[in-house]
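Please look through the structure shown here step by step, with the sequence at hand. The paragraphs that follow take up burial, paired charges, empty spaces, the surface and the backbone in turn.

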Amino acid sequence: MLFEGTPFELDRLMLIRILMTAVLAGVMFLAFRTPRIVPRGLQNAAEMGLVFVKEQICEEVLGKETGRRFFPLIATIFFTVLFLNFTGVIPFLNISSNARIGMPLVLAVLAYIAFNYVGIKKYGFVKYMRSSIVVPNVPAAMHVLLIPIEFISTFLLRPFTLTVRLMANMLAGHIMLVLFFSATQFFLFDADAAWMKGFSPFSLLGGFAFTLFELLVIFLQAYVFALLTAVYIGLAEHADSH
């Protein structure tokens, strides 16, 4: 832990966040430092990632014009989640800093500000709120029930679910990997009964298989977080068609 006892105290997860942020910035800098018309190597990989976010998330959900406007935000969220998640399978780091609530909450708040900004800017605060929480063409008495439900769903559950989904998935993955590899260590070195050592290949194989699965989860969580951000922006932009 650095700067312990000061307002700038940095624990292990904060250091991992800083490290991976620097790695992300470094990768993008090296990829586009001297861009080529025909990309190759790192530039090609970075462009493929950016094109994926642009075409499969931004333009697919928001259309070309709006997608282009919010591409920098959504791409930033996607690659931040992706790179921070990768540390969950990197030896000696062994945990995603998204497994603790701080960073997922920051990203969820960023998405929350973005989609509310879009709605308020387009409709004004009063019309945006009314369009978001008042369900048209229902009996007047039903509004007593529906307005609180819509308010909670739109303005409270969206950031909450964004935060918890990312954190819970990465924390669960970390716990499972710890269990598999801790079991392997126990069976090999700490188990008293010789027959128990025979379980070590199975726990090791299970840990390796789950690591491969975790790589898929790492990408899916980045994709889902960025996709839902785009969906919420699109819903805010068309709040009047509720």
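A residue is called buried when its relative accessible area is under 20%, exposed when that value is over 50%, and partly exposed in between. Keep in mind while reading that this is a predicted model. With the cut-off in hand we can begin with aspartate 11, which has a relative accessible area of 18% and is therefore buried. What does the side chain of aspartate 11 meet in a salt bridge? Its partner is the side chain of arginine 100, and the distance from N to O is 2.7 Å. Arginine 100 is found in the loop between α2 and α3 (102-123), while aspartate 11 belongs to the segment before α1 (12-32), so this pair ties together parts that are 89 residues apart in sequence. The two partners fall into separate classes of accessibility, because arginine 100, at 33%, counts as partly exposed, whereas aspartate 11, at 18%, is buried.

This pair leads to a wider point. Side chains of opposite charge can pair when their charged atoms come close. How many salt bridges does a search of the whole structure find? The search finds three. Another of them joins the side chains of glutamate 59 and lysine 54, again with 2.7 Å from N to O. Glutamate 59 has a relative accessibility of 18% and so counts as buried, while lysine 54, with a relative accessible area of 34%, is partly exposed. There is also a salt bridge between glutamate 237 and arginine 69, in which the closest N and O atoms are 4.0 Å apart. Since glutamate 237 lies in helix α6 and arginine 69 in helix α2, this pair ties together parts that are 168 residues apart in sequence. Here glutamate 237 is buried, with a relative accessible area of 11%, and arginine 69, at 47% relative accessibility, counts as partly exposed.

Helix α2, which covers residues 41-86, also holds glutamine 56. With a relative accessible area of 40%, glutamine 56 is partly exposed. Although glutamine 56 and methionine 103 are 47 residues apart in sequence, a reader who wants their separation in space should go from C-alpha to C-alpha, where the distance is 24 Å.

We turn next to the empty spaces. Rolling a probe the size of a water molecule over the atoms shows where empty space is left. The largest pocket holds about 230 Å³ of space, and among the residues that line this pocket are Gly88, Val89, Ile90, Pro91, Phe181, Gln185 and Thr211. Which helix gives the largest share of this lining? That share, six residues, comes from helix α5 (residues 143-190). Sorted by character, the lining of the largest pocket has six nonpolar residues, six polar residues and no charged ones.

As for cavities, the count comes to one of 30 Å³ or more, and the largest cavity contains about 30 Å³ of space. Its lining includes Ile95, Ser96, Met170, Gly173 and Glu214, and α5 gives the most to this lining, with four residues. The lining of the largest cavity divides into three nonpolar residues, five polar residues and one charged residue. Gly88, Asn94, His174 and Leu177 appear in the lining of the pocket as well as in that of the cavity.

On the surface, a nonpolar patch is formed by Phe86, Ile90, Leu205, Phe208, Leu212 and Leu215, which together have about 530 Å² of accessible area. Helix α6, running over residues 200-237, gives the most to the patch, with four residues. Leucine 212 lies in this helix, and with a relative accessible area of 47% this leucine is partly exposed. Ile90 belongs to the patch and also to the lining of the largest pocket.

Finally, consider the backbone in the loop between α2 and α3, where phenylalanine 92 is placed. The phi of phenylalanine 92 is near 75 degrees, which is a positive value in a residue other than glycine. Phenylalanine 92 has a relative accessible area of 77% and is therefore exposed. Asparagine 94 is found in that loop too, and although asparagine 94 is not a glycine, its phi is positive at about 65 degrees. At 39% relative accessibility, asparagine 94 counts as partly exposed, and asparagine 94 is also one of the residues that line the largest cavity.

Technical notes:
Residues are numbered from 1 along each chain as its sequence is written. This is a predicted model: local features need pLDDT of at least 70, side-chain atom pairs count only at pLDDT 80 or more; totals for chains, interfaces and linings use all residues. Side-chain values use heavy atoms; hydrogens and water are left out. Patches are made of residues with over 30% relative accessible area and no salt bridge: like charges are joined within 9 Å, nonpolar side chains (Val, Leu, Ile, Met, Phe, Trp, Tyr) within 5 Å. Accessible areas come from the Shrake-Rupley method with a 1.4 Å probe; for residues, only the protein chains shown count as cover. Helices (H or I, at least four residues) and strands (E, at least two) are DSSP runs, numbered from the N terminus. Buried means under 20% relative accessible area, exposed over 50%, partly exposed in between (1.4 Å probe, protein chains only). On a 1 Å grid over the protein atoms alone, a cavity is a set of points where a 1.4 Å probe fits but cannot get out, and a pocket is an open set with protein on both sides within 12 Å along at least five of seven lines; lining residues have an atom within 4 Å of a point. Grid points are joined across faces, edges and corners, and a volume is the space filled by probe spheres set on the points. Ala, Val, Leu, Ile, Met, Phe, Trp, Tyr, Cys and Pro count as nonpolar, Asp, Glu, Lys and Arg as charged, and the others, Gly among them, as polar.
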